[in-house]
Amino acid sequence: MKIKIFALVAVCAISLTGCSSGGGSSKKTINVYNWGDYIEESILEQFEQETGIHVNYDTYATNEDMYAKIKSGGSSYDIAIPSDYMIEKMRMEGLLEKIDLNNVPNYANIHERFDHLAFDPTNEYSVPYMWGTLGILYNKTMVSDTVDSWNILWDEKYANQIFMYNSQRDSIGVSLKRLGYSLNSKDPNELKLAQAELIKQKPLVKAYVGDTVKDSMIGNEAALAVVYSGDAIYCMGENPDLAYIVPKEGSNVWFDSIVIPKGAQHKAEAEQFIDFLCRGDIAAKNTEYIGYSTVNKVALEQLPAELKDDPTFWPSDEIYNKAEVFIDLGNFIAEYDKAWTEVLASR
């Protein structure tokens with residue numbers, strides 16, 4: 001997901017502070033670390049019933065929180081579900097185990113679109129979990145113009161009617177794509193121009209927001225918002241006046257994938273859990289609960305027609321091929337930090 005912020009919801013009562021492996025019990029366990037509210041709870045119970053493996057479950061709010069805890073070595077997680085750029089960072093730093101796909105036969109259910117993704121080109125360290133796009137959610141009763149470009153977010157007509165993400169990669173990425181640049185640009189001049197455009201836009205922005213954007217758009221508090229496709233699907237289900245598009249200049253396509261942290265104590269059980277999540281019926285149940293797009297072609301066929309035929313849920317090849325995945329920027333991320341801080345501080 002990418003830089004998503006979910007509510008910190010503990011699905012199971014067991015906290016993994018220190019991540020014990022069962023308090024001396026001989027029962028098999030795995031320790032799972034995931035975003036809040038990012039799995040259908042009954043799936044964990046079903047896995048235990050079918051395999052006898054108990055799931056200790058803990059949640060995090062950001063990729064950076066997850067990374068810091070695993071990097072510190074103060075935990076013993078067997079499964080984590082980071083976003084694309086963070087998987088690349090962890091892979092490069094030697095923080096991930098290779099996954100033996102011979103132990104994950106249901107990997108065959110993963111759609112060919114998602115094979116050999118840029119952050120794991122050899123398909124050795126991650127298995128795709130959910131994906132989606134970044135675009136514009138707009139209220140059809142408040143917006144009279146055609147919405148097909150990032151330019152509308154700079155239209156003075158909609159002053160104080162625009163929500164942007166309080167996220168450097170997302171908002172700077174929007175500005176870069178609008179200017180025709182890569183959202184992973186490491187060119188200082190391109191970054192400077194993108195920053196200048198965000199500063200120019202700032203008087204039009206109602207607020208820089210996070211997860212609250214969903215309730216705000218459902219409540220008709222603004223005309224336009226930058227949102228993730230999964231959130232757009234939820235919002236449109238609650239408010240029929242809302243619509244979603246991926247701008248013609250291109251956008252971000254994000255992936256959250258399942259990984260096994262280096263030194264995992266229950267690697268065999270972790271691979272069994274990954275295989276379970278890749279099962280068609282399980283992936284379909286999970287997708288309907290979470291609302292984001294499935295990577296599982298068997299699950300896709302099992303979903304209601306109104307969902308699988310929705311271009312917000314499953315965008316066309318044209319949209320997909322024009323989108324970019326966020327990559328780890330290495331030390332250059334400090335320049336993005338500086339640029340975004342200056343945008344927020346500007347008047």
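User: In which hand does H5 pass H13?

Analyst: In this predicted model, H5 passes H13 in a right-handed crossing. Helix H5 covers residues 188-201 and helix H13 covers residues 333-345, and the two pack with their axes 9 Å apart.

User: What makes H5 roughly parallel to H13?

Analyst: The angle between the two helices is about 20 degrees, and angles under 35 degrees count as roughly parallel, so H5 is described as roughly parallel to H13.

User: Which residues make the contact, and how many of them are nonpolar, polar and charged?

Analyst: From H5 the contact takes Leu191, Gln195, Leu198 and Ile199, while H13 contributes Glu335, Tyr336, Ala339, Trp340, Glu342 and Val343. Sorted by class, the contact of H5 with H13 holds 7 nonpolar, 1 polar and 2 charged residues. Tyr and Trp count as nonpolar under the classification used, so Tyr336 and Trp340 of the contact belong to the nonpolar class.

User: Why is Asn123 called buried, whereas Asp37 is called partly exposed?

Analyst: Asn123 has a relative accessible area of 13%, and buried means under 20%, so the term applies to Asn123. For Asp37 the relative accessible area is 37%, and partly exposed covers what lies between 20% and 50%, so Asp37 is placed in that class.

User: What is the phi of each of these two residues, and where do they lie?

Analyst: Asp37 has a phi near 55 degrees, which is positive in a residue other than glycine, and it is found in the loop between E1 and helix H1 (41-51). Asn123, likewise not a glycine, has a positive phi of about 55 degrees, and it lies in the loop between helix H3 (84-92) and strand E4 (127-139). Most residues other than glycine have a negative phi.

User: How do you know that E1 and E2 pair, and in which sense do they run?

Analyst: Two strands count as paired if there are at least two bridges between them; strand E1 (residues 29-35) and E2 are joined over 7 bridges, in the parallel sense, so the criterion is met. Within this pairing, Val32 stands opposite Tyr57 in E2.

User: What is the strand order of this open sheet, and why do E2 and E3 count as its edges?

Analyst: The open sheet has 3 strands in the order E2-E1-E3, with parallel pairing. Strand E2 (54-60) and strand E3 (79-80) each have a single partner strand, so one side of each is left without a neighbour in the sheet. Helix H2 (residues 63-72) packs on this sheet and touches E1, E2 and E3, its direction making about 145 degrees with that of E1. Helix H8 (residues 267-277) lies across E1, E2 and E3 and runs at about 55 degrees to E1.

User: What makes both faces of strand E5 covered, and how many bridges join E5 to E6 and to E7?

Analyst: In strand E5 (residues 162-165), Ile162 and Met164 on one side and Phe163 and Tyr165 on the other are all buried. E5 pairs with strand E6 (residues 205-209) in the parallel sense over 4 bridges, and Tyr165 stands opposite Val209 in E6. Strand E7 (residues 224-228) runs parallel to E5 and is joined to it by 2 bridges; since at least two are required, E5 and E7 therefore also count as paired. The bridge partner of Ile162 in E7 is Leu224.

Terms used. Residues are numbered from 1 along each chain as its sequence is written. This is a predicted model: local features need pLDDT of at least 70, side-chain atom pairs count only at pLDDT 80 or more; totals for chains, interfaces and linings use all residues. Side-chain values use heavy atoms; hydrogens and water are left out. Contact means heavy atoms within 4.5 Å. Axes are lines fitted to C-alpha atoms, for helices over the stretch in contact, and angles run from 0 to 180 degrees between N-to-C directions. Angles under 35 degrees count as roughly parallel, over 145 as roughly antiparallel, 65 to 115 as roughly perpendicular and the rest as oblique. A crossing is left-handed if the near helix is turned anticlockwise from the far one by less than a right angle, and right-handed if clockwise. Buried means under 20% relative accessible area, exposed over 50%, partly exposed in between (1.4 Å probe, protein chains only).
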